[in-house]
Amino acid sequence: MYGTPLPAQLSDSNRRIIDTNATTLRLYQVWKGSNRFCLGGRLVFGPDVRSIFLTISLIVIPVILFCAFVSQRLIHEFGHHFGNLIVAIPIIFTAYDLILLLLTSGRDPGIIPRNPHPPELEEDGSTMSMDWPGSQSGVGVSSLPPTKDIVVNGVLVRVKYCQTCMLYRPPRCSHCSICNNCVERFDHHCPWVGQCIGKRNYRFFFMFVSSTTLLCLYVFAFCWVNIKKIMDEYHCNLWRAFQKSPVSGILILYTFVTAWFIGGLTVFHLYLIFTNQTTYENFRYRYDSKMNPYNRGCVRNIFGLFFSKIPKSKNNFRAKVKLDSSALFATSMSLARTMSPEMPKTTFDIEMGNRKAVAAEDFEEIHSQMDSVGGLERCGPQPRHKNQGDKANWEISPDIRMLAAEFGMEHGFKDREKVHRGH
């Protein structure tokens with residue numbers, strides 16, 4: 001379409017705009033997952049992070065009630081020093097519990113960074129799945145098999161290709177539909193902590209669950225001690241003792257129900273730790289009836305979880321990222337699409353990695369799409385816009401104007417605006 005190549009450089013004003021955006025944006029600001037970030041990307045949460053406040057209240061409120069209404073009699077009965085220790089233990093336990101909750105919920109659970117473009121099959125020891133029809137044909141980007149087989153500890157394991165992250169998931173990795181990320185050693189997404197449970201936070205999750213169980217049992221036990229002391233002091237039955245200390249009765253009921261739930265979860269995860277399974281694997285693969293390639297024995301499984309070094313995050317959420325002019329144009333086109341529902345859905349997907357630089361072919365395609373936009377106005381079958389929405393739907397974004405002026409396409413916009421106003 002163009003006889004001469006397009007200029008390779010932007011003007012100083014446009015370059016300053018693009019460079020300013022690039023230097024001020026960090027990875028967490030353009031993150032494609034559904035995560036929520038705090039403190040400038042230092043804390044990463046799941047999209048349902050608000051549930052953590054409910055979890056905190058379910059832990060803190062019972063402890064406050066215990067210390068305010070139950071512990072006074074215990075201090076009197078057991079003496080000053082031992083009584084104060086009885087009160088201090090649940091307070092310290094609660095603080096420890098909340099720290100573990102923050103370590104579980106506010107850190108990268110093991111997110112695998114997305115690929116900017118689909119991978120190429122290499123000779124890496126993996127093989128294509130034989131039930132894939134395209135395994136006999138040539139291999140290309142469009143013919144990637146949905147699965148491939150790799151060997152783990154002498155056992156053939158099938159891994160899947162993730163269309164969203166454009167990568168073959170490592171063993172034990174799965175894509176969380178809530179956080180929209182592939183997570184290493186994915187266990188499950190926990191709504192109580194508002195975060196995925198994976199390779200980097202499973203240890204803290206188990207410690208949080210087990211310590212919460214112990215805290216429930218502690219409050220449960222000393223509430224019964226308080227009821228027993230009341231029965232001995234007033235020589236009354238159980239019902240009368242509950243009437244004299246109703247908070248003890250409420251806490252006994254609450255901690256009994258909670259201990260069954262949290263305690264059962266603790267026992268279940270102890271079984272998973274002993275057999276080196278994840279919740280996802282236990283429900284999906286049922287290793288009880290077949291060989292688990294990750295089971296190295298009970299002792300080594302426990303040592304590997306609690307005493308091995310936690311791997312560093314593969315994502316530096318505070319790293320600065322660069323957005324080139326094509327990314328800026330894609331953002332403008334997306335904005336224009338939301339304003340104009342009749343605009344054809346052209347894919348300017350930076351994630352595919354096909355737009356590494358502003359080349360002549362890119363602008364030829366852009367120019368052809370602009371022609372098609374103008375063609376919509378002249379096309380008969382297309383429904384007419386109402387006058388009220390005309391101006392908003394055909395308004396040109398300032399970013400598009402700058403790029404058009406740079407590459408000599410400003411006259412095209414003006415002509416189309418004149419034609420549109422004439423109608």
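1. A few words on terms come first. In what follows, Ala, Val, Leu, Ile, Met, Phe, Trp, Tyr, Cys and Pro count as nonpolar, Asp, Glu, Lys and Arg as charged, and the others, Gly among them, as polar. Please keep in mind that this is a predicted model, in which local features need pLDDT of at least 70 and side-chain atom pairs count only at pLDDT 80 or more, while totals for chains, interfaces and linings use all residues. Residues are numbered from 1 along each chain as its sequence is written, and side-chain values use heavy atoms, with hydrogens and water left out.

2. A good place to start is the second largest pocket, with a volume of about 570 Å³. On a 1 Å grid over the protein atoms alone, a pocket is an open set of points where a 1.4 Å probe fits, with protein on both sides within 12 Å along at least five of seven lines; lining residues have an atom within 4 Å of a point. Grid points are joined across faces, edges and corners, and the volume is the space filled by probe spheres set on the points.

3. Which residues lie nearest the centre of this second largest pocket? They are Arg172, Arg185, Lys199, Asn276 and Gly304, out of 23 lining residues. By class, the lining holds nine nonpolar, six polar and eight charged residues. Helices α4 (202–234), α6 (246–275) and α8 (298–306) each supply at least two residues of the lining, and α8 gives the largest share, four residues. Helices (H or I, at least four residues) and strands (E, at least two) are DSSP runs, numbered from the N terminus.

4. Asn276 deserves a second look. Asparagine 276 is found in the loop between α6 and α7 (279–284), and has a positive phi of about 55 degrees although it is not a glycine. Is this residue buried or exposed? At 12% relative accessibility, asparagine 276 counts as buried; the cut-offs are under 20% relative accessible area for buried, over 50% for exposed, and partly exposed in between (1.4 Å probe, protein chains only). Histidine 235 also has a positive phi, of about 50 degrees, although it is not a glycine. Histidine 235 sits in the loop between α4 and α5 (238–244) and is exposed, with a relative accessible area of 72%.

5. Next, the charged pairs. Side chains of opposite charge can pair when their charged atoms come close. A salt bridge here is a side-chain nitrogen of Lys or Arg within 4 Å of a carboxyl oxygen of Asp or Glu, and a search of the whole structure finds six of them. One of these joins glutamate 233 and arginine 73, with the closest N and O atoms 2.8 Å apart. This pair links distant parts of the chain, with glutamate 233 in helix α4 and arginine 73 in helix α2, 160 residues apart. Glutamate 233 counts as partly exposed at 40% relative accessibility, and arginine 73 counts as partly exposed at 25%.

6. Lys199, already met at the pocket, forms a salt bridge with glutamate 184, the closest N and O atoms being 4.0 Å apart. Lysine 199 is in the loop between β10 (195–197) and α4, and glutamate 184 is in the loop between β8 (181–183) and β9 (188–190), 15 residues apart. Lysine 199 is partly exposed at 41% relative accessibility, whereas glutamate 184 is buried at 16%. Glutamate 184 also meets lysine 314 in a salt bridge (3.5 Å, N to O). Here the partners are 130 residues apart, lysine 314 being in the loop between α8 and α9 (325–339). Salt bridges that share partners join Glu184, Lys199 and Lys314 into one network. Lysine 314 is partly exposed, with a relative accessible area of 48%.

7. Finally, two places where α4 or α6 is involved. Asparagine 226 belongs to helix α4 and is buried, with a relative accessible area of 1%. The C-alpha atoms of asparagine 226 and serine 248 are separated by 7.4 Å, although the two are 22 residues apart along the chain. Leucine 253 lies in helix α6 and is exposed at 58% relative accessibility. Between the C-alpha atoms of leucine 253 and phenylalanine 220, 33 residues apart along the chain, the separation is 8.3 Å.
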